[in-house]
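Here is my note on the structure, as numbered points. Please read it with the coordinates open.

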Amino acid sequence: MVVRVVEAIGRVFGSVLSEVGSIGLFVLKTLSVGLTTFPNLRRFADECYNIGIQSLFVVCSVGAFIGMSTSLVGYATLRDLGAQNLVGIFIGIATVRELGPAVAAFMVAAKAGSGMAAHIA
């Protein structure tokens, strides 16, 4: 009975040590490759251009349409409250500060991801 418990504990402990060792080897290999090879700066600059600059039109277009639809809904809501002159502040807070960064991140990720997938295919 005691032997089985000790064997079970040993198996679990051995598997945990094996996983920790595998992770350690992975980290060492990653660091050795990262520190011994020089990155291709031209390719890095090309990818930054493809992911960032070429996504600018898509992000601006989607941002404009989201801003317009938010302003329509905001105007209708604020008109009922008699505060339709606050639509600009509402758009500034809601779209630019709260919603804008998230939508921009999603659009850049979607555009870059679809471009990479099309390049692979």
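The points below take up the helices, the pocket and the cysteines in turn.

1. Status of the model. This is a predicted model. Please keep that in mind for each point that follows.

2. The kink in H4. Helix H4 covers residues 87-120. Where does the kink in H4 lie? It is placed at Leu99, shortly before the proline Pro101. The angle is about 55 degrees. I would look at this site before the rest of the helix.

3. The buried side of H4. Five names belong here: Val87, Ile91, Thr95, Val103 and Ala112 are the buried residues of H4. What covers them? The cover includes helix H2, residues 41-51, and helix H3, residues 56-81.

4. Thr95. This threonine sits in helix H4. Buried or exposed? Thr95 has a relative accessible area of 9%, so it counts as buried, the cut-off being under 20%. Setting aside neighbours within four places in sequence, Thr95 is in contact with Ile66, Gly67, Thr70, Phe90 and Gly100.

5. Thr70. The threonine on the other side of that contact is in helix H3. Thr70 has a relative accessibility of 17% and is therefore buried as well, again with the limit at 20%. Which residues does Thr70 touch? Not counting residues up to four places away in sequence, they are Phe90, Ile91 and Thr95. Ile91 and Thr95 are both among the buried residues of H4. Phe90 appears in the contacts of Thr70 and also in those of Thr95.

6. Val73. Helix H3 also holds Val73. Val73 is exposed, because its relative accessible area is 56% and the exposed class begins over 50%. Val73 and Val87 are 14 residues apart in sequence. In space, their C-alpha atoms are 9.6 Å apart. Val87 is one of the buried residues of H4.

7. The largest pocket. Its space comes to about 210 Å³. Which residues line it? They are Glu47, Asn50, Ile51, Gln54, Lys111, Ala112, Gly115, Met116, His119 and Ile120. H4 gives the largest share of the lining, six residues. H2 and H4 each supply at least two residues. By type, the lining divides into four nonpolar, four polar and two charged residues. Ala112 deserves a second look: it lines the pocket and is also listed among the buried residues of H4.

8. The cysteines. How many disulfides does a search of the whole structure find? The count is zero. Cys48 is in no disulfide, and the nearest cysteine sulfur, that of Cys60, is 18 Å away. Cys60 is likewise in no disulfide, with the sulfur of Cys48 as the nearest, at 18 Å. A disulfide needs the two sulfur atoms within 2.5 Å, so this pair does not qualify. Cys48 has a relative accessible area of 40% and is partly exposed. Cys60 is partly exposed too, at 48%.

Conventions
Residues numbered from 1 in each chain as written. Predicted model: local features only at pLDDT ≥ 70, side-chain atom pairs only at ≥ 80, totals over all residues. Heavy atoms only, no water. Buried < 20%, exposed > 50% of the residue type's maximum accessible area, 1.4 Å probe, protein only. Bend = angle between axes of the 7 residues up to and from the residue. Helix = DSSP H or I, 4+ residues; strand = E, 2+ residues; numbered from the N terminus. Contact = heavy atoms within 4.5 Å. 1 Å grid on protein atoms, 1.4 Å probe; cavity = no way out; pocket = protein on both sides within 12 Å on 5 of 7 lines; lining within 4 Å. Points joined across faces, edges and corners; volume = space filled by probe spheres on them. Nonpolar A, V, L, I, M, F, W, Y, C, P; charged D, E, K, R; others polar.
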